[in-house]
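The following questions and answers concern the strands, helices and nonpolar cores of one model. Please read them alongside the sequence and the coordinates.

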Amino acid sequence: MSYISNVMQMVREMNPAEPEFHQAAKEVLDSIEPVVKRYEKEFRRERVLEHLLEPERSISFRVPWVDDKGKLQINRGFRVQFNSALGPYKGGLRFHPSVNRSSMNFLAFEQTFKNALTGQPIGGGKGGANFNPKGKSDREVMAFCQSFMTELFKYIGPNEDVPAGDIGVGGREIGYLYGQYKRLTNQYEGTLTGKGLLWGGSLCRTEATGYGVCYIAEEMLRAHGRSLEGSTVVVSGSGNVATYAVEKAQQMGAKVVTVSDSNGYVYDPNGIDVQVVKEIKEVRRGRISEYVKIVPGSTYRDGKKVWEIPCDVAFPCAIQNELDLDDAMDLVANGCFAVTEGANMPTTREATDYLQAKGVLFMPGKASNAGGVGVSALEMAQNSMRTRRSFDEVDADLHGIMKGIWTQVSEAAAEYNLDGNYVVGANIAGFQKVVQAMREQGFV
Ligand code: NDP
C-alpha cells in the first residue's frame, strides 16, 4: 500500500464518521502526491503526514444557556488547534447546526494551509458550536456567547490562539464573546479578530475575504488573457464573503447578476444592487427573497441554485459542497470559464475534477478566501502595537497578500509540471511551508 493510502486509512480509523474531514484529507493528500513521491523516504521516517493529520489539541465542551422562555438549552462547543508551526492558532468560530467534530477537523486542517499561504505568522485552528443564531433574540445570542466564552477563554490568548468570525459569527457575536473574554481575564488584548472599529478592529476586515476573492481571480484571469472587467459573474450566498465579493467585482468592472441564501436565489439582469443586499442581510437580518420587492426587474427562484444562470465567472461564497457535478455541468454548458471559491470547499471533488477537465480555471478556497485571515493577522499586529491603520493601507496590504498567494500557487503548480492546476499548487505551496517549519522545530 502506498504511503498516502496508509495515512488515509489511519485518518479513517482514528476519525470514524467524519466524512468532511476524510474528504479534505484525501483532497490534500492526493494533490501533494508529487512532493510525497520526491521525498518519500524522509517523510516516512519522520512520519510527516501522520504528524500533519493529527490536531495538536482538540477541545469539545458543554455550552449551557437560558432562552427567552426561561428554558435551559445545551449546545456543544469545539475548538480544534490543528497546527502551530507557523504561529499562534488562528481560524474562525462557526455557529451553525451542522457544526460537529468532522466539520471542525476539516476546517481547521484546511485553515493550516490557507494561513501558511498568507505569509503571515499564524498557525491553523477552527471552532464553533451547533448553535443556530437564526431567529434568536439579541439577548439569547449574548447569553450563548457568554457561556461559550466562559469555557473557551482557558485555551486562547493573543500568543496562543486567536479566534475570529465565520458562518453565524459576525460583529455582534464577536462583541459579546470579546466582552466576556475581557470580563474573565481582565485583559484588553487582541485575542479575537473581527472586532468592532471602536475597540481594536481593523478597517477593511469586513471587506477582506470578498475583496481578496476578486483580487486573486483577477490575477488568475489576467494570466490567461482575461479579466473581470466586462465579465458576467454569478455569486452564491449573501453573507459577509458574498456581499463584498459582489461589491469589489462590480468596482472592477464586472456585472454580478445573482446572490442567494439557503432558501433560493435572486437574479438581477441589471446587476445586483449591493446596497440593497447590505440593507436586507446586515441591517434587517432578513431573507434575500425581499430583494425582488425592492429592485424592479429582478426575479427570485425558491429552492434553486445560482449555477443555472449563464456566466463567465462563478464565485461560490456560501457553504461547503454547494456546487456539485450537475451544477458544474450547467456552468460549463453555459460557457463559464473561471471559478474562484469564496467559501470553504463549496465545490465537491467530482465537480472540481469536471471543471478542471473541461479547462475551466479553478482557484480553491484555501488560496482565494485567505484574504480574511490575512487581514486578521494584520489586526493582531495592530493590536499588539496599539496602533491603527487606514482603510487604504490595509486594502493595499490585502492586495499584496493575494498577489503573493497567486505567485506561490502558480509557481508551485509549475514546479511539479502541473501548470494551471491551482488546487495542487495551493496544497503544495501551503504544505511545504508548514512541513519545513515543523521540521525546523523538531519532530517528536
Ligand atoms: P455568512 O454566515 O455571513 O453567510 C453565509 C451565506 O451562505 C448566507 O447568505 C447563507 O444564507 C448562505 N447559505 C447557507 N447555506 C446555504 C445553502 N445551502 N445554499 C445557499 N446559500 C447558503 O458566512 P460568511 O460569508 O462569513 O462565510 C461563507 C463561507 O466563506 C463559509 O464557507 C466560510 O467558512 C467561508 N469563509 C469566510 C470568511 C470570512 O471572512 N467571513 C473567511 C474565509 C472563508 P442563510 O442566511 O439562509 O443562512
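Two strands pair if DSSP finds at least two bridges between them; helices (H or I, at least four residues) and strands (E, at least two) are DSSP runs, numbered from the N terminus. The model is predicted: local features need pLDDT of at least 70, side-chain atom pairs count only at pLDDT 80 or more, and totals for chains, interfaces and linings use all residues. Residues are numbered from 1 along each chain as its sequence is written, and side-chain values use heavy atoms, with hydrogens and water left out.

Q: How many bridges join S1 and S2, and in which sense do they pair?
A: The hairpin of S1 and S2 has five residues between the strands, and Gly 70 there takes a positive phi near 85°. Arg 57 stands opposite Gln 81 in S2. The two strands are joined by ten bridges, and their sense is antiparallel.

Q: Which residue of S4 is the bridge partner of Gln 81?
A: Strand S2 (residues 72-83) and strand S4 (residues 124-129) run antiparallel and are joined by six bridges. In S4, the partner of Gln 81 is Gly 125.

Q: Which strands are the edge strands of the five-strand sheet?
A: This open sheet has mixed pairing and the order S1-S2-S4-S3-S5. Its neighbouring strands are turned by 20° against each other on average, direction ignored; such angles run from 0 to 180 degrees between N-to-C directions, with axes as lines fitted to C-alpha atoms, for helices over the stretch in contact. The strands that pair on one side only are S1 (57-66) and S5 (161-164).

Q: Why is one side of S9 and of S12 left without a neighbour in the sheet?
A: Seven strands form an open sheet of mixed pairing, in the order S9-S8-S7-S6-S10-S11-S12. Strand S9 (299-302) and strand S12 (361-363) stand at its edges, and one side of each lacks a neighbour because each has a single partner strand.

Q: Which residue of S10 stands opposite Val 235?
A: Strand S6 (residues 232-236) and S10 run parallel, with four bridges between them. The partner of Val 233 in S10 is Val 313. Opposite Val 235 stands Phe 315.

Q: Which residues of S10 point the other way from Val 313 and Phe 315?
A: In a regular strand the side chains alternate between the two faces of the sheet. Strand S10 (residues 313-316) has Val 313 and Phe 315 on one side, and all four of its residues are buried, that is, under 20% relative accessible area (exposed is over 50%, partly exposed in between; 1.4 Å probe, protein chains only). Pointing the other way are Ala 314 and Pro 316.

Q: Which helix contributes the largest share of the largest nonpolar core?
A: A nonpolar core is a set of buried Ala, Val, Leu, Ile, Met, Phe, Trp, Tyr and Cys residues joined through side-chain atoms within 4.5 Å. The largest has 94 residues, and those with the most contacts inside it are Leu 49, Leu 53, Phe 315, Ile 405 and Phe 431. Its largest share, ten residues, comes from helix H18 (residues 422-441).

Q: How many residues does the second, separate core have?
A: Among its members are Met 149, Ile 156, Val 169 and Leu 192. The size of this core is 22 residues.
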